Amino acid sequence: MTGATSVVVFGNLTANPELRSTGAGTAVARFTIASTPRTFDAPTGRWTDGDTLFQSATAWRGTAEHAAASLAKGMRVIATGTLKPRSYTTKTGEARTVVELEVEDFGPSLRHTTAEVTRTGPGPEQDEEHPPDRFSLSAREYGNDDDAWFGLAANPDGYINVPSPDPSL
């Protein structure tokens, strides 16, 4: 989402990601990340745990499928995404609102572990979720009133021709 504030959450999964599909067949994974801040108490020389934040999170499409296949309960993860409010009504009729993390990207923390990465597709340029921005400028004639940087003085032929990075486009 453009313009949204991204957050990063470090923590441990409280359960395996739960993978489901929407009615339209879109994969969605739900999971909770437990994040406990630690501070060092210099006078005692000990680390002290703060209050644990249990952050509900949702991943969509390929990210959801990869999360369910790769991550498990107890794993330390790093997740980045945006915070989204979600309202619902309880069985007793009370209106409630929760704030969930809509995950854009996440994976295992490599601070105290190792991981083997396996590419699942041909590369980021083929990513169906977020295709790269592509543009090309078509040739156009400049008018006489264009400025010196972009007008006929800068380009006497009067045309812009930007080759596409992919000749098939």
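**Exercise 1.** Does Glu100 count as buried or exposed, and at what relative accessibility?

*Solution.* The model is a predicted one, in which local features need pLDDT of at least 70 and side-chain atom pairs count only at pLDDT 80 or more, while totals for chains, interfaces and linings use all residues. Residues are numbered from 1 along each chain as its sequence is written, and side-chain values use heavy atoms, with hydrogens and water left out. Buried means under 20% relative accessible area, exposed means over 50%, and partly exposed lies in between, for a 1.4 Å probe and protein chains only. Because Glu100 has a relative accessibility of 12%, Glu100 counts as buried.

**Exercise 2.** Locate Glu100 in the secondary structure and list its contacts beyond its sequence neighbours.

*Solution.* Strands are DSSP runs (E, at least two residues) numbered from the N terminus, and Glu100 is placed in strand 8, residues 95–108. With contact taken as heavy atoms within 4.5 Å, and with neighbours within four places in sequence left aside, Glu100 touches Arg30, Gln55, Ser56, Thr58, Thr82, Leu83, Lys84 and Arg86.

**Exercise 3.** Which residues are joined with Glu100 into one network by salt bridges that share partners?

*Solution.* Side chains of opposite charge can pair when their charged atoms come close. The criterion for a salt bridge is a side-chain nitrogen of Lys or Arg within 4 Å of a carboxyl oxygen of Asp or Glu. Take Arg30 to begin with: its salt bridge with Glu100 has the closest N and O atoms 3.8 Å apart, and the pair links distant parts of the chain, with Arg30 in strand 3 (residues 27–35) and Glu100 in strand 8, 70 residues apart. Arg30 counts as partly exposed, at 42% relative accessibility. Turn next to Arg86, which forms a salt bridge with Glu100 whose closest N and O atoms are 3.0 Å apart; here Arg86 belongs to strand 7 (residues 76–89) and Glu100 to strand 8, with their positions 14 residues apart. Arg86 is partly exposed, its relative accessible area being 36%. Through these shared partners, Arg30, Arg86 and Glu100 form one network.

**Exercise 4.** How many salt bridges does the structure hold?

*Solution.* The structure holds five salt bridges, and one of them joins the side chains of Arg38 and Asp49 at 2.8 Å, N to O. Arg38 lies in strand 4 (residues 38–41) and Asp49 in strand 5 (residues 46–49), so this pair ties together parts that are eleven residues apart in sequence.

Key. Helices (H or I, at least four residues) and strands (E, at least two) are DSSP runs, numbered from the N terminus.
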